[in-house]
Amino acid sequence: MRGAQFFHELSHAIGATLCCNRVTGIEISMDEGGLCTYQGRRAGALSTKCCVLPAGYIGSAIWGCGIVVATG
């Protein structure tokens, strides 16, 4: 299950990077949790949060679709 967590947090990191922030770390814990940290000039802006927060779920769906298509 940690693979799915990694793709979820990776998607947050991609969203933060697309908003011109620098990803400082990705952590995956054993209890089904994770954390993606980033910093930048606009890291606390509402527009950045509106991009980074849903990126985890949207990205997980896209990664999952890609893996299913690749197995076919």
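Modeller: Before you start: a residue counts as exposed over 50% relative accessible area, as buried under 20%, and as partly exposed in between. Also, this is a predicted model.

Colleague: OK, so is Cys-20 buried or exposed?

Modeller: Cys-20 sits in the loop between α1 and β1. Its relative accessibility is 70%. The cut-off for the top class is over 50%, so Cys-20 counts as exposed.

Colleague: What is the phi of Cys-20 near?

Modeller: Cys-20 is a residue other than glycine, yet its phi is positive. The value is near 65 degrees.

Colleague: And Asn-21, buried or exposed?

Modeller: Asn-21 has its place in the loop between α1 and β1 too. Its relative accessible area is 7%. Buried means under 20%, so Asn-21 is buried.

Colleague: What does Asn-21 touch, if I skip residues up to four places away in sequence?

Modeller: Arg-41 is one of its partners, and the C-alpha atoms of Asn-21 and Arg-41 are 7.3 Å apart although the two are 20 residues apart in sequence. The whole set is Ala-16, Tyr-38, Gln-39, Gly-40, Arg-41, Arg-42, Ala-43 and Thr-48.

Colleague: Let's zoom out. In what order do the elements of the protein chain run from the N terminus on?

Modeller: There are two helices and two strands in the chain. Helix α1 covers residues 2–18, strand β1 residues 22–28, and strand β2 residues 34–39. From the N terminus on, the order is α-β-β-α.

Colleague: How much can I trust the coordinates: what is the mean pLDDT of the protein chain?

Modeller: Where pLDDT is low, the predicted coordinates should not be read in detail. Here 99% of the residues reach 70 or more. Among the elements, β1 has the highest mean (94) and α1 the lowest (90). For the protein chain, the mean pLDDT is 90.

Colleague: What share of the residues of the protein chain count as buried?

Modeller: The C-alpha atoms fill a box of roughly 40 × 25 × 15 Å along the principal axes. About 5000 Å² of the chain is exposed, with carbon and sulfur atoms supplying 67% of that area. Of the 72 residues, the share that counts as buried is 25%.

Colleague: Take helix α1, then. Is His-8 buried or exposed?

Modeller: His-8 lies in helix α1. Its relative accessible area comes to 17%. That is under the 20% cut-off, so His-8 is buried.

Colleague: Which residue has its backbone oxygen 3.2 Å from a polar atom of the His-8 side chain?

Modeller: Leaving aside neighbours within four places in sequence, His-8 is in contact with Gly-56, Tyr-57 and Ser-60. The backbone oxygen lying 3.2 Å from that side chain belongs to Gly-56.

Colleague: What about Glu-9: buried or exposed?

Modeller: Glu-9 is placed in helix α1. Outside its neighbours up to four places away, it touches Ile-26, Glu-27, Ile-28, Gly-34, Leu-35 and Cys-36. At 6% relative accessibility, Glu-9 counts as buried.

Colleague: How far apart in space are Gly-34 and Phe-6, C-alpha to C-alpha?

Modeller: Gly-34 is in strand β2, whereas Phe-6 is in helix α1. At 42% relative accessibility Gly-34 counts as partly exposed, and among its contacts are Glu-9 and Glu-27. Gly-34 and Phe-6 are 28 residues apart in sequence, but their C-alpha distance is 8.0 Å.

Colleague: Which residues form a nonpolar patch on the surface?

Modeller: Phe-6 counts as partly exposed, at 39% relative accessibility. A residue needs over 30% to be part of a patch. The patch has about 220 Å² of accessible area together, and its members are Phe-6, Ile-26 and Ile-28.

Colleague: Last one: which side chain does a polar contact of 2.5 Å join to that of Asp-31?

Modeller: Asp-31 is in the loop between β1 and β2. With a relative accessible area of 63%, Asp-31 is exposed. Its C-alpha is 9.7 Å from that of Arg-2, 29 residues away in sequence. The 2.5 Å polar contact joins the side chain of Asp-31 to that of Ser-29.

Definitions and conventions: Residues are numbered from 1 along each chain as its sequence is written. This is a predicted model: local features need pLDDT of at least 70, side-chain atom pairs count only at pLDDT 80 or more; totals for chains, interfaces and linings use all residues. Side-chain values use heavy atoms; hydrogens and water are left out. Helices (H or I, at least four residues) and strands (E, at least two) are DSSP runs, numbered from the N terminus. Buried means under 20% relative accessible area, exposed over 50%, partly exposed in between (1.4 Å probe, protein chains only). A polar contact is a pair of N or O atoms within 3.5 Å; within protein, one must be able to donate a hydrogen and the other to accept it, and residues adjacent in sequence count only if both atoms are side-chain atoms. Contact means heavy atoms within 4.5 Å. Patches are made of residues with over 30% relative accessible area and no salt bridge: like charges are joined within 9 Å, nonpolar side chains (Val, Leu, Ile, Met, Phe, Trp, Tyr) within 5 Å. Accessible areas come from the Shrake-Rupley method with a 1.4 Å probe; for residues, only the protein chains shown count as cover. A salt bridge is a side-chain nitrogen of Lys or Arg within 4 Å of a carboxyl oxygen of Asp or Glu. pLDDT is the predictor's confidence in each residue, from 0 to 100.
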